[in-house]
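Subject: Structure handover

Hello,

Here is the structure you will be working with. Please open it alongside this message.

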Number of protein chains: 2
Amino acid sequence: MRHRLKDVAERAGVSVKTVSNVVNGYVHVRPDTRARVEEAIAELNYRPNLSARHLRKGRTGVIALAVPELDIPYFAELARYVVNAAAAYGWTVLIDQTGGRREQERVVASGITDHLIDGLIFSPLALTAEDLAGLDGTPMVLLGERVEHGPADRVVIDNVTAAREITAHLIRLGHRRIAAIGSQRTDEGASARLRLAGYTDALRAAGLDYDETLVAPAAAWHRADGAAAMQGLLTSGVRPDAVFCFNDTLALGALRALHEAGLRVPEDVAVVGFDDIEDGRFSIPTLSTVAPDKEKIAQLAVELLANRLDGDRTAPAREVSAPYRLEIRESTGAR
Amino acid sequence: MRHRLKDVAERAGVSVKTVSNVVNGYVHVRPDTRARVEEAIAELNYRPNLSARHLRKGRTGVIALAVPELDIPYFAELARYVVNAAAAYGWTVLIDQTGGRREQERVVASGITDHLIDGLIFSPLALTAEDLAGLDGTPMVLLGERVEHGPADRVVIDNVTAAREITAHLIRLGHRRIAAIGSQRTDEGASARLRLAGYTDALRAAGLDYDETLVAPAAAWHRADGAAAMQGLLTSGVRPDAVFCFNDTLALGALRALHEAGLRVPEDVAVVGFDDIEDGRFSIPTLSTVAPDKEKIAQLAVELLANRLDGDRTAPAREVSAPYRLEIRESTGAR
DNA sequence: CATCGTTTCTACAACGTTGTAGGCAACGTT
DNA sequence: AACGTTGCCTACAACGTTGTAGAAACGATG
């Protein structure tokens, strides 16, 4: 069924290599020969065998994107942009789901896949710098702050400043008892640590006290965790006038919990999130948030990977920063 | 850096093939030889080259999942389940995003990828049965009703009955002017056609008139389209007492538009969706919906593909049906 | 002791592709 | 006329793996 270079070659009456040259756009092929070969290719519906090509060339044209969970909207949206950015290089993207488990992340990083892919864009949750240290193999670009001084290129956003700014926005609106949802005790969650730091920075700058009872942890950052954390705050008697959730899904859960408690947003409690997922543009109320430029993040990641693939693989790791902006919507009083 | 069978063989003092036999769990290898080989494998951190293996065996252990858009929550959730179901077979999933464009879907189906993957699970939006007809190549499982009598295995849910049931639920609650959002004029959108049929069936069964002005088209099925369609209905003066949206994102958009128009849900207008995405479990109000068993859909799809890969590739196409249930929440009055 | 079957291992070829080296014309230059 | 250059093409080997065929060692059987 499937045809090979050899079949095309026989049909066109040339050598296998000449067909290969036509397929690869090699210049020195006579126009009539090229035409004959192309005709044969079309007739047989020939398509190159990528595995064989890879085996020979060492390149597949496939990169992997590894994220904790695909049904977290932030990662789904990011995946979309990565796929698009990679398409500009003619690459296909293989998407891997690690579940945020360290073991699975290690498997992905150390490359169960690494003979199949040219490079890896990786958003780790649980992996440590040591896990990454001993890796030979596949060029890698890390997303986020989880691995701070690892051996690989990274794309980050300035979490501390962004968190400070969105908290300052709440303070500017007159809020004084500002809760934070999403802190994490474990070593995991570098983002959590940085966003918490930005939050406390903003409080300090405004002369407000840091009140530990206003800070609620969240094991994962799903809607259910946000709802539970908000409920926890309310039933424990603390009565915040604003809440900074460390991502949008937490915030959507918090909105829900506030609604169930009969509190109005933003009149009784203002809410902000982080990530700018699409849900937040249609929720009731719409959600004020930090909007990282996901398209840019994806482009930068793909670009770093491309440079690494074509260039010096032993060059020192680079770190680039992607922009963000504040997106003020109804949940902090905009209308 | 990367080691080959040959390196392991030299280190263990055996032939290349013996190492291959150990790697593949061949029985007739003396225990001490096996131990020596395994030691060498561990020391060199050997991992087989998948491309080479594929070239030789014709199998990669990689399947592809092609969906229109990853940041449509339904597909993201489905992708998660497919990845998990595939893991049970030791398969990796490559995720492809077609954008729902026919050209791109055709490329995917006819297999730009098809030398790299063993099989394809495909959720087409725009593809026709003819596009699929002439395909040699890769075993394929289709999701949904888009291609009705194609040459490939399919997993479907009974859209007509499900739509009829959720509409009947609205009628049972006393609603009489029930709008529908999501119809599509073009040939695309088999789901739209079937869900519309279920809707009209339910009206007819209850002796209600079909009122064309209550049916709003939606080009795509995003939140923004749902909001626009709902707004359109309201400004055109029709005043429904309930809305059946053909998927949940449309419904979330409709909720938003109703909110902006000052209408309460469910008191003034009841709303139902279709898909049971996570957002609908936390939206305000929470969303009544048809909940297809996504995990089951994924499992069935992977299973069909496995049968096709291991079994008779020319056997007639099979079609299996996945269950669903109604999930009644606040948007139709539950509390 | 000869024969046979089983276990354990090896050599070789092949999967489909492309890089390298080289050959043969045709051309322009001395 | 001899030479080098260029354009076009081919033959061969190699990428890392596994299936096939068969060799060598061993024990069991008659």
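Below is what was found in it, topic by topic.

Please keep in mind throughout that this is a predicted model.

**The two protein copies**

Start with the symmetry. Chain B superposes on chain A after a rotation of 180 degrees, with 0.0 Å of shift along the axis. The RMSD of that fit is 0.1 Å. The two copies are thus related as by a two-fold rotation axis. Both copies use the same surface: 100% of the contact residues of chain B recur in chain A.

**DNA strand C**

Now the nucleic acid. DNA strand C is surrounded by 24 residues. The closest are L5(A), Y46(A) and R56(A) from one chain, with T18(B) and T33(B) from the other. Of the strand C atoms that come within 4 Å of the protein, 71% belong to sugar and phosphate.

Which helices supply at least two residues each to the surface near strand C? They are α2 and α4 (50-57) of chain A, plus α2 (16-23) and α4 (50-57) of chain B. The largest share, five residues, comes from α4(A). By class, the surface near strand C holds nine nonpolar, seven polar and eight charged residues.

Three polar contacts to strand C are worth a look:

- R4(A): a polar side-chain atom sits 3.3 Å from a phosphate oxygen.
- N24(A): a side-chain N or O atom is 3.2 Å from a phosphate oxygen.
- A52(A): a backbone N or O atom lies 3.4 Å from a base nitrogen.

So two of these entries go to phosphate oxygens, from R4(A) and N24(A), while the A52(A) entry goes to a base.

**DNA strand D**

Next, the other strand. DNA strand D has 23 residues around it. T18(A), T33(A), S20(B), Y46(B) and R56(B) are the closest. Sugar and phosphate make up 72% of the strand D atoms that come within 4 Å of the protein.

The surface near strand D draws at least two residues from each of α2 and α4 of chain A and α2 and α4 of chain B. Here α4(B) gives the largest share, with four residues. The classes split into eight nonpolar, seven polar and eight charged residues.

Polar contacts to phosphate oxygens of strand D include these:

- S15(A): a polar side-chain atom at 2.7 Å.
- R53(B): a side-chain N or O atom at 3.0 Å.
- N24(B): a polar side-chain atom at 3.2 Å.

**Helix α1**

In chain A, helix α1 covers residues 5-12. Its buried residues are D7(A), V8(A), A9(A) and A12(A). What covers them includes α2 (16-23) and α3 (31-44) of chain A. G13(A) follows the helix and has a positive phi, near 70 degrees.

In chain B, D7(B) is found in α1 (residues 5-12). Is D7(B) buried or exposed? D7(B) counts as buried because its relative accessibility is 17%, and the cut-off for buried is under 20%. Leaving out residues up to four places away in sequence, D7(B) touches R2(B) and L44(B).

**Nonpolar cores**

The largest nonpolar core has 164 residues. I121, V155 and I181, in both chain A and chain B, have the most contacts inside that core. Take V155(B) as an example. Beyond residues up to four places away in sequence, V155(B) touches V141(B), L142(B), L143(B), G144(B), I297(B), L300(B), A301(B), L304(B), V320(B) and A322(B).

Another core, of 26 residues, lies apart from the largest one. Among its members are F122(A), I117(B), F122(B) and L142(B).

**A buried tryptophan**

Last, look at W221(B). W221(B) lies in the loop between β7 (215-217) and α10 (223-235) of chain B. At 16% relative accessibility, W221(B) counts as buried. The side chain of W221(B) reaches the backbone oxygen of G182(B) at 3.1 Å.

Leaving out residues up to four places away in sequence, W221(B) touches G182(B), Q184(B), S191(B), A192(B), R195(B), F246(B), N247(B), T249(B) and L250(B). D248(B) is 27 residues from W221(B) along the chain, and their C-alpha atoms are separated by 8.7 Å.

Best regards

Conventions
Residues are numbered from 1 along each chain as its sequence is written. Chains are lettered from A and ligands numbered from 1 in the order in which they are written. This is a predicted model: local features need pLDDT of at least 70, side-chain atom pairs count only at pLDDT 80 or more; totals for chains, interfaces and linings use all residues. Side-chain values use heavy atoms; hydrogens and water are left out. Copies are superposed by least squares on the C-alpha atoms of residues with pLDDT of at least 70 in both. Contact means heavy atoms within 4.5 Å. Buried means under 20% relative accessible area, exposed over 50%, partly exposed in between (1.4 Å probe, protein chains only). A nonpolar core is a set of buried Ala, Val, Leu, Ile, Met, Phe, Trp, Tyr and Cys residues joined through side-chain atoms within 4.5 Å. A residue is near a molecule or strand if one of its heavy atoms lies within 4 Å of it. A polar contact is a pair of N or O atoms within 3.5 Å; within protein, one must be able to donate a hydrogen and the other to accept it, and residues adjacent in sequence count only if both atoms are side-chain atoms. Ala, Val, Leu, Ile, Met, Phe, Trp, Tyr, Cys and Pro count as nonpolar, Asp, Glu, Lys and Arg as charged, and the others, Gly among them, as polar.
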